[in-house]
Amino acid sequence: MYELGIINGRIYQGKDFKPLNIYVSEGEIREISKEKHECKEVIDATKRMVLPGLIDPHVHMALNTGNDISADDFVSGSKTAAYGGVTTIIDFVKPISHENEWEEALKERLEEAQDSCIDYSFHATAGEFTGNPEALKKLCKGSGIPSVKLFTTYSESKRRNSYQVIEQFFDPEMVVLVHCEEESLIKRQWKEVKTYEKSRPVMAERAAAMKIGEIAEKTGHKAYIVHISSGSTLDVLKLNFRSLLGKTLFLESSPHYFALSDMKLSNTDGQLYLVNPPLRGGKELMRLRNSIHLVDTIGSDHCPYHTHQKMVSDNASLVPKGFGGIEPSFPIMFNLFGEKIIPLYTSKPAQIFGLKNKGELRVGKDADIMIYDSTLSVTIKETHSNGDYSVYEGLKIRGKVETTIARGKVIMHQGEFYGGQGRFIRR
Ligand SMILES: [Zn+2]
């Protein structure tokens, strides 16, 4: 007898949906068929979409910037993720400048994450790196973390690396994630909130992304550009590096760049919408939507703050950047793009980041499953994050996450949270 059966649903099988039943035992998918078997627990998914549990490859739980700590730790952050159908997150180890800091930095993060209710992994982060890149890469791989993030900006917080240093991290067995904003084109002391977009123009993103494309082309190794905010960056990468896209050059974007424009910054509470790179104007937003086919993955960049943290000042340079968004991420993008958005949350991040047992509904894979009711119309209200506001409040969308199953255990069903125990995934 199987432990759990999900019956009568429309099962996502790569390109399309099939009317099949899924049977689960010991955390694994054991059978996908038309058969009806007896199970200890049965979920009837009639008229629902049954999808692989979602993967969010870019989140920041318990982010400590020195000045602020983000509002979600791994407990509340993984809970709001579960309400969004997410069963795997990839967060970041704090920036280190030398390989001898690695062990302690990783240990700290593993301790912080141990009560996550869903599975988790990390990317390494190299900030203003003065050590030996080869040595750090070896340590990362040995820890099951074959990906490292670098920044082309943020020298004020000692996170920037030169393009030469970034190039040294390129490696046949690793993915190099890059925050692309060319620092020389950024005005860092910008005070006015409503015009904040101008301080970090699209041009800065495009210029840095072009340099990273060139390094990917030259080395033949994998680069992954995080949170691309503008359609024109996507388009210029397509024009110059078409043959690399989806092979050695991967592009991530975030739901807020598709759903919100910089008009929000003119609100009296415009600070709540400050994020880097900033929300863009309507033309860039439409161009981004039109180039969705160039995007490989969607990372929510989930980093919520409380209202009082964001409203600390009228001076944009003093406001912590970022906001929450992991819970409504998929519904927002599904509402805009429909079924074609599913691989960007499932098979693609699994392939790019080496999450072997995730991202597909297949026998032998982890039983990470989400059930989505696409027939409902929903207005986004509060989420289950610790952050006390949502930038998406009031947005009308199609569909709702009804059930989230993590390695065979129902952790959220019809709005009720049951909890779970995630594991660190070695990649
Ligand atoms: Zn981020």
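**Local environments in the predicted model**

Pro-331 lies in helix α10, residues 329–337. The model is predicted. Pro-331 is buried, because its relative accessible area is 6% and the cut-off for burial is under 20%. Beyond four places in sequence, Pro-331 touches Tyr-372, Ile-397, Arg-398 and Gly-399. One of these partners, Arg-398, is 67 residues away along the chain. The C-alpha atoms of Pro-331 and Arg-398 are nevertheless 6.8 Å apart.

The zinc ion takes its protein donors from three residues: His-58 through NE2, His-60 through NE2 and Asp-301 through OD. The donor distances run from 2.1 to 2.2 Å. Along the chain, the donors follow the spacing H-x1-H-x240-D. His-58 sits in the loop between β6 and α1, whereas Asp-301 sits in the loop between β13 (297–298) and α9 (307–310). The pair therefore ties together parts that are 243 residues apart in sequence. Both of these donors are buried: His-58 has a relative accessibility of 1%, and Asp-301 has a relative accessible area of 9%.

Ser-70 also belongs to the loop between β6 (54–56) and α1 (74–83). With a relative accessibility of 5%, Ser-70 counts as buried. A polar atom of the Ser-70 side chain lies 2.9 Å from the backbone nitrogen of Leu-63. Leu-63 is also among the contacts of Ser-70 that remain once neighbours within four places in sequence are set aside. His-60, Met-61 and Ala-62 are on that list too. So are Cys-303, Pro-304 and Tyr-305. Of these contacts, His-60 is also a donor of the zinc ion.

Helix packing was examined for α6 (residues 231–241) and α8 (residues 282–290). Their axes come within 7 Å and cross at roughly 45 degrees. Helix α6 is therefore oblique to α8. On the α6 side, the contact is made by Gly-231, Ser-232, Leu-234 and Asp-235. On the α8 side, Glu-284, Arg-287 and Leu-288 take part. By class, the residues of this contact divide into two nonpolar, two polar and three charged.

The buried residues of α6 are Gly-231, Ser-232, Thr-233, Leu-234, Leu-237 and Phe-241. Gly-231, Ser-232 and Leu-234 thus appear both in this buried set and in the contact with α8. The cover over the buried residues of α6 includes two helices, α5 (202–219) and α8. It also includes the strands β11 (222–228) and β12 (249–253).

Backbone geometry shows several further features. A cis peptide bond joins Asn-276 and Pro-277, with omega about -10 degrees. Pro-277 lies in the loop between α7 (255–259) and α8.

Positive phi values in residues other than glycine occur at Lys-47 and Arg-407. Phi is near 65 degrees for Lys-47 and near 40 degrees for Arg-407. Each residue is in a loop between two strands. Lys-47 is found between β4 (39–44) and β5 (49–52). Arg-407 is placed between β15 (396–406) and β16 (409–413). The two residues fall in opposite accessibility classes. Lys-47 counts as exposed, at 65% relative accessibility. Arg-407 counts as buried, at 16%.

Conventions:
Residues are numbered from 1 along each chain as its sequence is written. This is a predicted model: local features need pLDDT of at least 70, side-chain atom pairs count only at pLDDT 80 or more; totals for chains, interfaces and linings use all residues. Side-chain values use heavy atoms; hydrogens and water are left out. Helices (H or I, at least four residues) and strands (E, at least two) are DSSP runs, numbered from the N terminus. Buried means under 20% relative accessible area, exposed over 50%, partly exposed in between (1.4 Å probe, protein chains only). A polar contact is a pair of N or O atoms within 3.5 Å; within protein, one must be able to donate a hydrogen and the other to accept it, and residues adjacent in sequence count only if both atoms are side-chain atoms. Contact means heavy atoms within 4.5 Å. Axes are lines fitted to C-alpha atoms, for helices over the stretch in contact, and angles run from 0 to 180 degrees between N-to-C directions. Angles under 35 degrees count as roughly parallel, over 145 as roughly antiparallel, 65 to 115 as roughly perpendicular and the rest as oblique. Ala, Val, Leu, Ile, Met, Phe, Trp, Tyr, Cys and Pro count as nonpolar, Asp, Glu, Lys and Arg as charged, and the others, Gly among them, as polar. Donors are N, O and S atoms within 2.8 Å of the metal (3.2 Å for Na, K and Ca); water is not among the atoms, so sites may look incomplete.
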